[in-house]
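Dear colleague,

I am passing on a structure that I would like you to look over, together with an account of what was found in it. Please read the notes below with the model open beside them.

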Amino acid sequence: MCGIVGYVGRQTALKVVIDGLRRLEYRGYDSAGVALVSDGELFTERRAGKLANLDAALADAEPPQSMTGIGHTRWATHGAPTDRNAHPHVGRQGRVALVHNGIIENFAALRTKLEAAGHELDSDTDTEVAARLLEAEVAAGADLTEAMQDVCRQLEGAFTLVAVSVDDPDRVVAARRNSPLVVGLGRGENFLASDVAAFIEHTRDALELGQDQVVTITPDKVAVSDFHGNPAEGKPFHVDWDIAAAEKSGYDYFMLKEIEEQPKAIADTLLGRLTETGRLQLDEMRLSDDELRAIDKIIIIACGTAFHAGLVAKYAIEHWTRIPCEVELSSEFRYRDPIIDRDTMVIAISQSGETMDTLMALRHARQQRAKVLAISNSNGSTIPRESDAVLYTHAGPEIAVASTKAFLTQIVACHLIALYLAQVRGTKYGDEITEIVGQLEQIPAAVTEVLAALEPVRELAREMGEARLVLFLGRHVGYPVALEGALKLKELAYIHAEGFAAGELKHGPIALIDQGTPVFVVVPPKGRGSLHDKMISSIQEVRARGARTIILAEQGDDKVLPYADQLIALPKVPTLMQPLVATVPLQAFSCEMAMVKGLDVDQPRNLAKSVTVE
Ligand code: M6R
């Protein structure tokens, strides 16, 4: 949450910073602001609302020419989303400016101290106290780096801080604890950002920072230390996608583009996983075969859409490996005192690799000596760095707040892990594993087929623009698809939607159904025998109460036809892979619904892409 940019070099800092903020706006869009250092003066401009409001203010403000600057796009925590609370915040003398992502937990005590010392704070934020403290340190003779180290030692909570000072015009100083920050390494220029997308058009060489580190960038140097000034090292990495991947490329919304990119995202995630001899290899799997053989329980932790991917994974993991698998919301995990030990594998799924709830759950698991395996789409992020092993999904940057391609690739990654465990533990023969990987390799073509047939789904959304309640039913791996369909509709179209396991319907939720209530039903493939028949019974039950049924079923499933007001035919794929095709029409439906209602598809209200507060 919140996007942060810092720049020092030879270009016009304002342009670099604003362009960077534009690529980070998905992280929060309650307000935006910049600070520039020029000729011994600090220039700041900040505005509530989206970046466009800041653009307009800057057009009237005549900002100075400067090659050192910082910027911020906010998801509000402390203080309403107003101009006054927008970042950057400045010190009392206006000589230091600071932007912040995270929550400073001891800000109230620090604020009281500052007020006792005569400070009158201008905002309701936790950030302003850090700006005041930082400037006071500089005024007392510290350089900006030393001042940052000193202030960080006083702060509790989670924070990324980035600051500039008129007394140090050629440097930008940043610090991180439990919040994201990466360094972009240029020639004669360097960058700081919450995410590489902010500087990808300038450099693909980056530096990952560790916990509790301070970094100082000048045009020609990057220096890392801990909070006590001891030198430290960052970890260099190269970003494997380019600027084109972070642009809309002619689509009206990133989400539309990302839905279309799903076949490629799946293919890229599968690429190079089979050796010439047909064995599955996971290069980033840093756990030994002995460790994997010793595992007696798997717990998947994740939030939101990633949690739904975990629910799908449970079926595959238990079926292929026979290891018991639980799936838990990260935010609940550590509060129930989970039973875990060194033979437990915890799989943390997170597209961003920065979700605070998942990070805290992961740390709890590692404290109990469990092995933690991360599935992430973000190189250089905290969750993979703090895990024992990682499997990267290769979905490319996902910029729309609503997750699409990340979801499908998370499922694929989970399937690969399940098959890898089955290979190591011998619960599947090698040729069986090769065959299943072959089936996964057919999925991009199946998703392409679904994408080509989406127009009727979009037409349906246009016709249902007035719906107040939409229900989604599924069974087996169709149940998480139902949950995901409902989540997409809630977050994009602000419509009350619920996903249910079809068998649960009669235990309460069926009372919601009224004349014309739209009910999407994900029907298990016919090969699932009694499950398929039971789903048909559920469909009849809701139709008997007036529901309008929109049925997602595999091609050739004639048995469902009499019960479908609308039929969305899905390509035939193995049952455990059905979510990879069944989710796509639901994504398109919600996206179209949001467009029909005139809503901002990529930036739904109240949300942010990367949730870095608990
Ligand atoms: O980055 P993560 O995968 O950890 O994010 C988890 C959730 O915040 C995320 O999936 C969220 O639910 C999406 N907005 C859903 O579309």
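**Domains and their contacts**

In this model, 28 residues of domain 2 are in contact with 22 residues of domain 3. Please bear in mind throughout that the model is a predicted one. The domain assignment of the protein gives domain 1 as residues 3-245, domain 2 as residues 248-441 and domain 3 as residues 451-596. For domain 2 and domain 3, the C-alpha centres lie 26 Å apart.

**The parallel sheet**

An open sheet is formed by 5 strands, which follow one another in the order β17-β16-β18-β19-β20 and pair in the parallel sense. Its edges are β17 (325-329) and β20 (389-392), each of which pairs on one side only. On average, and with direction ignored, neighbouring strands of this sheet are turned by 20° against each other. Helix α9, made of residues 304-321, packs on the sheet and touches β16, β17 and β18 (344-350), while its direction makes about 175° with that of β17. As for the pairing at that edge, β16 (residues 297-302) runs parallel to β17 and is joined to it by 5 bridges, and within this pair I300 stands opposite V327 in β17.

**The pockets**

Where does the largest pocket lie with respect to domain 1 and domain 2? Domain 1 (3-245) and domain 2 (248-441) both give residues to its lining, so the largest pocket lies between them. This pocket has a volume of about 800 Å³, and of the 45 residues that line it, the closest to its centre are D240, W241, N377, G396 and P397. The elements β15 (235-238), α7 (262-270) and α12 (382-385) each supply at least two residues of this lining, and α7 gives the most, with 3 residues. Sorted by class, the lining of the largest pocket has 16 nonpolar, 14 polar and 15 charged residues.

The second largest pocket holds about 620 Å³ of space. It is lined by 29 residues, of which C303, G304, T305, K609 and V611 are the closest to its centre. Two or more residues of this lining come from each of α9, β18, α11 (356-367) and α16 (478-493). Helix α9, which also packs on the sheet described above, provides the largest share of the lining of the second largest pocket, namely 5 residues. By class, the residues of this lining divide into 13 nonpolar, 12 polar and 4 charged.

**Two hairpins**

Strands β12 (residues 213-217) and β13 (residues 222-226) run antiparallel and are joined by 5 bridges, with a hairpin of 4 residues leading from β12 to β13. In this pair, I217 stands opposite V222 in β13. Strand β13 also pairs with β14 (residues 231-232), again in the antiparallel sense, over 2 bridges, and here S225 stands opposite P231 in β14. The hairpin of β13 and β14 has 4 residues between the strands, and in it G229 takes a positive phi near 90°.

When you go through the model, I suggest starting with helix α9, which touches β16, β17 and β18 and gives 5 residues to the lining of the second largest pocket. From there you could turn to the largest pocket, which lies between domain 1 and domain 2.

With best regards

Technical notes:
Residues are numbered from 1 along each chain as its sequence is written. This is a predicted model: local features need pLDDT of at least 70, side-chain atom pairs count only at pLDDT 80 or more; totals for chains, interfaces and linings use all residues. Side-chain values use heavy atoms; hydrogens and water are left out. Two strands pair if DSSP finds at least two bridges between them. Axes are lines fitted to C-alpha atoms, for helices over the stretch in contact, and angles run from 0 to 180 degrees between N-to-C directions. Contact means heavy atoms within 4.5 Å. On a 1 Å grid over the protein atoms alone, a cavity is a set of points where a 1.4 Å probe fits but cannot get out, and a pocket is an open set with protein on both sides within 12 Å along at least five of seven lines; lining residues have an atom within 4 Å of a point. Grid points are joined across faces, edges and corners, and a volume is the space filled by probe spheres set on the points. Ala, Val, Leu, Ile, Met, Phe, Trp, Tyr, Cys and Pro count as nonpolar, Asp, Glu, Lys and Arg as charged, and the others, Gly among them, as polar. Domain bounds come from an automatic or database domain assignment.
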